Amino acid sequence: IFLCYVVFIGLAFGIVFATKGGTGSPSFVLAMAALAFGGLGLFLGAIAWSLYALCRYSLAVPACVLEDLSAGNAMRRSTSLSNGTRWGILGIIFLTGIISVSLTLVLQMPAWIASGAAIFTGKGTVSIAATIWVYLAEFFGGTIAGPIATIALALVYYDQRVRKEAFDLQMMMEALGQPVPPPTAVAAPPLMG
């Protein structure tokens, strides 16, 4: 997203210096409109790419920790495991974000009510205690809800390994003491319906 802003600012300077007719000329107005739409397009494109990259690499941490991979190999592993389930991963991230925000708002509610009552009755402004309460509620809301996303992504990691590599069969063979072949990708059976 930072690169998007740099390109946008560069385009703005380029348009301002390219239009010599002044700020009231039609070419300047047209150039500013093009800059506004171009900047909006760059911004929306950067958000879309960020969400795609988040879903693509979201299984890198479980892969790195559980398979003892380097960062680059974990990212490649995440790319292969998340292929085909990126919409589900985006849904998980979205829902855990809603849980985090909801929990934070519920914990902040007493401070807001107390501050609103104090301001409404004219007895004062927002107190320092209410401000501290709001910040602590934000901290605890994130602390409580944050691991939910991590746990959910670890479950998606195991689910994808079971679906794509028959990981559950590999674990059963290890428990029986039989030699385990190296993991290979297995195509999912066709859906019947």
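Reader: Let's start with contacts. Of the contacts between residues at least 6 apart in sequence, what share joins residues at least 24 apart?

Author: In this predicted model, 55% of those contacts in the protein chain join residues at least 24 apart. Val156 gives you a case to look at: leaving aside neighbours within four places in sequence, Val156 is in contact with Leu59, Ile89 and Ile92.

Reader: How many helices and how many strands does the protein chain have?

Author: Seven helices and zero strands. Reading along the sequence, you get α-α-α-α-α-α-α.

Reader: And where is confidence lowest, and where is it highest?

Author: Here's the general idea: where pLDDT is low, the predicted coordinates should not be read in detail. In this chain, helix H1 (residues 2-18) has the lowest confidence, with a mean of 64. Helix H4 (residues 71-82) has the highest, at 90. Over the whole protein chain the mean pLDDT is 78, and 64% of residues reach 70 or more.

Reader: Now the inside and the surface. What percentage of the residues count as buried?

Author: The protein chain has 193 residues, and 23% of them count as buried. As for the surface, the chain exposes about 13,200 Å², with carbon and sulfur atoms supplying 77% of that.

Reader: Which residues make up the largest nonpolar core?

Author: The general idea first: in soluble globular proteins, nonpolar side chains tend to be buried together. Here, the largest nonpolar core has ten residues: Cys55, Leu59, Ala60, Ala63, Ala74, Leu81, Ile89, Leu153, Val156 and Tyr157. The elements giving two or more residues to this core are H3, H4 and H6. H6 gives the most, with three residues.

Reader: On to charges. How many salt bridges does the structure hold?

Author: Generally speaking, side chains of opposite charge can pair when their charged atoms come close. This structure holds three salt bridges. Try Arg77 and Glu67 to begin with: their closest N and O atoms are 3.0 Å apart. Arg77 sits in helix H4 and Glu67 in helix H3 (residues 60-67), ten residues apart, and the pair links distant parts of the chain.

Reader: Is Arg77 buried or exposed?

Author: Arg77 counts as buried because its relative accessibility is 16%, and the cut-off for buried is under 20%. Glu67, on the other hand, has a relative accessible area of 24% and is partly exposed.

Reader: Which residue does Glu67 meet in the salt bridge of 3.6 Å, N to O?

Author: That's Arg161. Glu67 lies in helix H3 and Arg161 in helix H6 (residues 128-165), so this pair ties together parts that are 94 residues apart in sequence. Arg161 counts as buried too, at 8% relative accessibility. Put these pairs together and you have Glu67, Arg77 and Arg161 linked in a network of salt bridges.

Reader: What about Arg163 and Asp159: how many residues apart are they, and where do they lie?

Author: Both lie in helix H6, four residues apart, which is about one turn of the helix. Their side chains meet in a salt bridge at 2.9 Å, N to O.

Reader: Does burial matter for reading this pair? Which of the labels, buried or exposed, does Arg163 get?

Author: Just look at the accessibility. Arg163 counts as exposed, at 55% relative accessibility. Asp159 is partly exposed, with a relative accessible area of 31%.

Note on methods
Residues are numbered from 1 along each chain as its sequence is written. This is a predicted model: local features need pLDDT of at least 70, side-chain atom pairs count only at pLDDT 80 or more; totals for chains, interfaces and linings use all residues. Side-chain values use heavy atoms; hydrogens and water are left out. pLDDT is the predictor's confidence in each residue, from 0 to 100. Buried means under 20% relative accessible area, exposed over 50%, partly exposed in between (1.4 Å probe, protein chains only). Contact means heavy atoms within 4.5 Å. Accessible areas come from the Shrake-Rupley method with a 1.4 Å probe; for residues, only the protein chains shown count as cover. A salt bridge is a side-chain nitrogen of Lys or Arg within 4 Å of a carboxyl oxygen of Asp or Glu. A nonpolar core is a set of buried Ala, Val, Leu, Ile, Met, Phe, Trp, Tyr and Cys residues joined through side-chain atoms within 4.5 Å.
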